[in-house]
There are 2 protein chains.
Amino acid sequence: MGKGDINRQKIVAAADDLFYRQGYVHTSFSDIADAAGIPRGNFYYYFKTKDEILAAVIDQRAHHLAETLAAWEAELADPRDRLRRYVDMLTAEQEHIAQYGCPMGSLCTELAKLRHALQSDAARMFEVVRAWLERQLKALGRARDARQLALHLLARGQGIALITNAYRDRAFLQREARELKRWLDAL
Amino acid sequence: MGKGDINRQKIVAAADDLFYRQGYVHTSFSDIADAAGIPRGNFYYYFKTKDEILAAVIDQRAHHLAETLAAWEAELADPRDRLRRYVDMLTAEQEHIAQYGCPMGSLCTELAKLRHALQSDAARMFEVVRAWLERQLKALGRARDARQLALHLLARGQGIALITNAYRDRAFLQREARELKRWLDAL
DNA sequence: GTCTATATACGGATAGAC
DNA sequence: GTCTATCCGTATATAGAC
């Protein structure tokens, strides 16, 4: 891996973080360059436009998500345990969620308002999760309604993240996570 | 009501619409002035800063919301019918939601990322709804957990709106609205 | 590959004539 | 109350020296 690749990676990592914490529109090239430790001018050697960085960030998030979910699948044999693990992610990330919301949800919301060309790419992050949830639900014997249940679970998580963020209320997130687990157990 | 008040009202109405459809950061003074039919320069006679417009928009949304909810309370005697009516709002607004998400949720999400001073004011829109839901739930005999159930309902609605927006999937919204009503009936 | 200087456009905001 | 002209900062983006 050359030095160029390392710089490229640093830029994407910095942009990923800043897009999450500040939003896409509100984050400037300078912000990213400063955070990555790359001089403003040299920036354009790696990315020609802001959209290119966004595409790289979406790609990275989708890959990271897929890796995490695959690891849970390898680690846990019982599909119900895997789904529980998914809910545990909410609790584990409660600090970030209270401050910045969900990285997938808030980005999709922002890009929808911008009528951004990459909005459908951002929605593919959700697809990664939805497909994984659906597979676990099928393994649980819910083949018929697995897809709908997966979307339902996705929406529940997004609602919890949004309200937790708006109210800065981690106690709410914890209560709802417990309730989601009861819902899983009843499936 | 003088001409100044009318112009002021036109500005707030235009800003309300644009903040919903384009987001706060991405909407410029020029956008609002153009939409309201007010010359750019004259704008500052009514509002000194963009934040002042935002404050007026939040105020208007909260008032409009309170009026709508009060009307439902006057129209329907049964608290369960009132709650059903709340769920019906999702279905009625499905076109807007699919395109732009929830006006409350998307604004709170955006302001949280900006670390905007008015973020807590925006959250007060949620409080108007939460308090109303809580009252209906208490009237249903759920005094003990009315507050938690109200927040739960709020979060369910937000999750549905977000996923509907991300996937542009009105069928999902309709299915989830039906499910929410079943949940209400089981209370 | 790295960095400086700079072009160009647009944002929010102001002064002041009418 | 209305409108024009304009300031200043910042944003994206480019040219070109090193």
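How many residues does helix H5 of chain B have, and how far does helix H5 reach from its first C-alpha to its last? Helix H5 (residues 79–92) has 14 residues and spans 20 Å, close to the 20 Å expected at 1.5 Å a residue. Keep in mind that this is a predicted model, and let's use this helix as a way in before moving out to the pair of chains and the DNA.

At the N-terminal end of H5(B) sits a cap: B:Asp78 places a side-chain oxygen 3.0 Å from the backbone nitrogen of B:Arg80. B:Arg80 itself is one of the buried residues of the helix, along with B:Pro79, B:Arg82, B:Leu83, B:Tyr86, B:Val87 and B:Leu90. If you look at the spacing in that list, a bit of helix geometry helps. An α-helix has 3.6 residues a turn, so residues three or four places apart point the same way. As for what lies over the buried residues of H5(B), the cover includes helices H4 (50–75), H6 (94–100), H8 (119–139), H9 (146–167) and H10 (170–185), which also belong to chain B.

Now step back to a whole chain, and take chain A. It's helical throughout its secondary-structure list, with nine helices and zero strands, and reading along the sequence gives α-α-α-α-α-α-α-α-α. Along the principal axes, the C-alpha atoms of chain A fill a box of roughly 55 × 35 × 30 Å. Of its 187 residues, 51% are buried. Among contacts in chain A with a separation of 6 or more, 66% are between residues 24 or more positions apart.

One residue in chain A gives a nice local picture. A:His116 lies in the loop between helix H6 (103–114) and helix H7 (119–139) of chain A. Is A:His116 buried or exposed? Its relative accessibility is 13%, and because the cut-off for buried is under 20%, A:His116 counts as buried. Its side chain makes a polar contact of 3.0 Å with the side chain of A:Asp51. The side chain of A:His116 also reaches the backbone nitrogen of A:Leu118, at 2.9 Å. Leaving out residues up to four places away in sequence, A:His116 touches A:Tyr24, A:Asp51, A:Leu54 and A:Leu111.

How do the two chains go together? A turn of 180° with a shift of 0.0 Å along the axis lays chain A on chain B with an RMSD of 0.0 Å. The two copies are therefore related as by a two-fold rotation axis. In chain A, A:Gly159 has the C-alpha nearest that axis, at 1.8 Å. The interface fits in with this: 100% of the interface residues of chain A are also interface residues in chain B, so the copies meet through the same surface.

That leaves the DNA, starting with strand C. Around DNA strand C there are 14 residues, and the closest come from both chains: A:Pro39, A:Tyr46, B:Phe29, B:Tyr44 and B:Lys50. Sugar and phosphate supply 62% of the strand C atoms that come within 4 Å of the protein. Two of the contacts here involve phosphate oxygens of strand C: a polar side-chain atom of A:Tyr46 lies 2.5 Å from one, and a side-chain N or O atom of B:Lys50 is 3.2 Å from one. B:Tyr44 reaches a base instead, with a side-chain N or O atom 2.6 Å from a base nitrogen of strand C. Helix H1 (residues 3–22) of chain A gives the largest share of the surface near strand C, three residues. By type, the residues of that surface are five nonpolar, seven polar and two charged.

Strand D has its own set of neighbours. There are 14 residues around DNA strand D, and those that come nearest are A:Phe29, A:Tyr44, B:Gly41, B:Tyr45 and B:Tyr46. Of the strand D atoms within 4 Å of the protein, 61% belong to sugar or phosphate and the rest to bases. A polar backbone atom of A:Phe29 is 3.0 Å from a phosphate oxygen of strand D. From chain B, side-chain N or O atoms approach phosphate oxygens of strand D at 2.4 Å for B:Tyr45 and at 2.3 Å for B:Tyr46. Helices H1 (3–22) and H3 (43–46) of chain B each supply at least two residues of the surface near strand D, and that surface divides into five nonpolar, six polar and three charged residues.

How values were computed
Residues numbered from 1 in each chain as written. Chains lettered and ligands numbered in written order. Predicted model: local features only at pLDDT ≥ 70, side-chain atom pairs only at ≥ 80, totals over all residues. Heavy atoms only, no water. Near = heavy atom within 4 Å. Polar contact = N/O pair within 3.5 Å; in protein donor to acceptor, adjacent residues only side chain to side chain. Helix = DSSP H or I, 4+ residues; strand = E, 2+ residues; numbered from the N terminus. Nonpolar A, V, L, I, M, F, W, Y, C, P; charged D, E, K, R; others polar. Expected span 1.5 Å × (residues − 1). Buried < 20%, exposed > 50% of the residue type's maximum accessible area, 1.4 Å probe, protein only. Contact = heavy atoms within 4.5 Å. Least-squares fit on C-alpha atoms with pLDDT ≥ 70 in both.
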